[in-house]
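Hi,

Here is the structure I promised to pass on. Have a look at it first, and then read my notes below.

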Amino acid sequence: MRYMVMHYQTQDMEDGVLPSPERQAAIGEYMQEAAMSGVLLSGEGVASSRQGARVEVTDGAVRVIDGPFAEAKELIAGFAILEVDSLAEAVEHARRFAVLVGSERVDVRRVVEFEDLQPPS
Amino acid sequence: MTDPGSALDARMATLWRVESPRMTARLARLVGDLDTAEELAQDTFLAAVEKWRRDGEPDNPAAWLHTTARHLAVDRIRRRDTGRAKYRLAAAGQRHALEHDLGEIVDGDLAEDLLGLIFMACHPILAPDARSALVLKLVCGLQTEDVARAFLAPPATIAQRVVRAKRTLAAAKVRFELPPHGERPARLDAVREVVYLVFNEGYTATSGDRWFREDLCAEALRLGRMLAALTPSDTETLGLLALIELQASRLRARTGPDGEPVLLADQDRSRWDRLLIGRGLALLDRIDALGGTTGPYALQAAIAACHARATTAAVTDWERIAALYDGLARISPSPVVELNRGVAAAQAFGPAAGLEIVLPLFDVPGMDRYHLLPAVAGDLLCRAGDHEQARERFLQAAAMTGNAAERATMQRRASACAAGSCAVARH
């Protein structure tokens, strides 16, 4: 099973403050550890929402809004895709990440696979 | 889940899966042998169950587990060394030296710990099935029951296999060690062999519950990814991982709704796993960037990549595949490679080119039991217009296969040949 593990922006990250060398090292250490556990399929971090945009559709009308966006805590800062046996195992890796990197919140969501979209037979 | 005991059991099983490989690795490095390492890891988890049932689980259970494991190991080593001191003159400062060594190991490199554990579990003195059982148990953190289910064996058999393997290692005085660099290529060969064996055990499963068998593919991928992370510049290891990532990308597409096999050419390519294909292709790029390799895994991965890159079966680059099979036949020749080389040559240059390679295989000892040979020969003869000989080969294949669905296909193709046609309706 695949899980997407996401962590969220802080106001500092939104303001473009580079992560401290310690934090960068911690993230590097986590990625290395996850790779050595054989569970990491892919992972990326994303930049401040200043460098992004949002597409909003209201009643068919499309509006493109340039960043930055308020509420940093609602914005994804990065994700990893893990291949594991269970939600519990994914949560364990998320916990490792949170403790090591010092995140306030990490979400763990299952990736939908082809079989999920088939009508039950 | 209302029983706190069973909730804790499930919790410990998860923690065992995630934490036990690195714990066992570090313990093995500290104490030297797998048996003691495994025993100490189990003691650590038992201590955790006892303490957490009383006091609740700490915020960072992993840290608690690893600290406790270290304490238990240091304790064990001290007792062992004290025992030895009775018949050995203890040099002044020896205690200090021990503390110093331990400190170094305790803070040592996780990568080296894991690699050492993998080398030990895949030691060439062990039989391949002993290696895979040991690796799945210690390096993947599987329970004996899981290993047994995957190998369709009773748990007692697997447990015994693991015990015997550890005993063999102990008898040969194999201690935890990182082989010197000169020996590593040969030792890595033995590890790769196990990973590919486990993968194929799941991939080519013809019996058993498909779900559990495919779990073996998942474990092999986990091991392969682990190994590639531990030896990031070993091109043949990257080649092995590329190969199994690419093969696994087709897992879901290779069976139809009723579980019947679907041939590569007929697969719904939209069901191929793009993430795994991307990983496989990226690994091949990395091998190139590292200067390339002509090892058998990387070559097979390059062949798998030709299929992965083709958006439809019709645009497959068969000339490249044929050339890669020529290379593979040179470095690891086998009748099965020859057969595949024949198929590729036929696709690239026509049935006659294929038959030139395939027909001599009928004289190779042992191939008279391999039903795919007459099946392939029948197909190529048919396409070359020799329906009479093709029919005979299809009937031969039908008589040889143990699989009912395959037998039916071969008989249908033989009848089509009798009517002077190659076409056979796909059911």
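This is a predicted model, and chain A comes out with a mean pLDDT of 90, with 98% of its residues at 70 or more. Among the elements of chain A, S6(A) has the highest mean pLDDT, 97, while helix H1 (residues 11-14) of chain A has the lowest, 86. As a general caution, predicted coordinates should not be read in detail where pLDDT is low.

On to the layout of chain A. There are six strands and three helices, and along the sequence they come in the pattern β-α-α-β-β-β-β-α-β. The C-alpha trace of chain A spans about 50 × 40 × 20 Å along its principal axes. Of its 121 residues, 25% count as buried. If you take contacts in chain A between residues at least 6 apart in sequence, 73% of them join residues at least 24 apart.

The sheet is a good place to start. Four strands of chain A make an open sheet in the order S2-S5-S1-S6, with antiparallel pairing. The edges are strand S2 (40-45) and strand S6 (106-110) of chain A; each has a single partner strand, so one side of each is left without a neighbour in the sheet. From one strand to the next, the twist averages 15°. Within this sheet, strand S1 (residues 2-8) and strand S5 (residues 76-83) of chain A pair in the antiparallel sense over seven bridges. If you want a register marker, Met6(A) has Phe79(A) in S5(A) as its bridge partner.

Then there is the hairpin. Strand S3 (residues 53-58) of chain A is joined by six bridges to strand S4 (residues 61-66) of chain A, and the two run antiparallel. Here the register can be read from Arg54(A), whose bridge partner in S4(A) is Ile65(A). Is S3(A) buried or in the open? Of its six residues, the number buried is zero, so S3(A) lies largely in the open.

The loops of chain A have some backbone details you may want to look at:

- Asp59(A) sits in the loop between S3 and S4 of chain A. The hairpin has two residues between its strands, and Asp59(A) takes a positive phi near 50° there, despite being a residue other than glycine. Asp59(A) has 4 C-beta neighbours inside 10 Å, so it counts as exposed.
- Glu71(A) belongs to the loop between S4 and S5 of chain A. It is not a glycine either, yet its phi is positive, about 60°. Having 11 C-beta neighbours inside 10 Å, Glu71(A) counts as exposed.
- Pro68(A) is also in the loop between S4 and S5 of chain A. The peptide bond leading into it from Gly67(A) is cis, with omega near 5°.

Now for where the chains meet. The contact takes 17 residues from chain A and 19 residues from chain B. On the chain B side, helix H1 (4-31), helix H5 (110-121), helix H10 (210-230) and helix H12 (274-289) each supply at least two residues. Which of them gives the largest share? That is H10(B), with six residues. By type, the chain B side divides into 11 nonpolar, six charged and two polar residues.

Last, a helix in chain B. Helix H17 (residues 372-383) of chain B has 12 residues and reaches 17 Å from its first C-alpha to its last, close to the 16 Å expected at 1.5 Å a residue. Of those 12 residues, 10 are buried, so H17(B) is largely enclosed by the rest of the structure. The buried residues include Leu373(B), Pro374(B), Val376(B), Asp379(B) and Cys382(B). What covers them includes four helices of chain B: H15 (335-349), H16 (351-358), H18 (387-400) and H19 (404-418). Just after H17(B), Gly385(B) takes a positive phi of about 95°.

For a quick tour, I would go from the open sheet S2-S5-S1-S6 of chain A to the hairpin of S3(A) and S4(A), then across the contact to H10(B), and finish at H17(B) with its 10 buried residues.

Cheers

How values were computed: Residues numbered from 1 in each chain as written. Chains lettered and ligands numbered in written order. Predicted model: local features only at pLDDT ≥ 70, side-chain atom pairs only at ≥ 80, totals over all residues. Expected span 1.5 Å × (residues − 1). Buried ≥ 20, exposed ≤ 12 C-beta atoms within 10 Å, placed from the backbone. Contact = placed C-beta atoms within 7 Å. Nonpolar A, V, L, I, M, F, W, Y, C, P; charged D, E, K, R; others polar. Pairing = 2+ DSSP bridges. Axes fitted to C-alpha atoms, helices over the stretch in contact; angles between N-to-C directions. pLDDT = per-residue confidence, 0-100.
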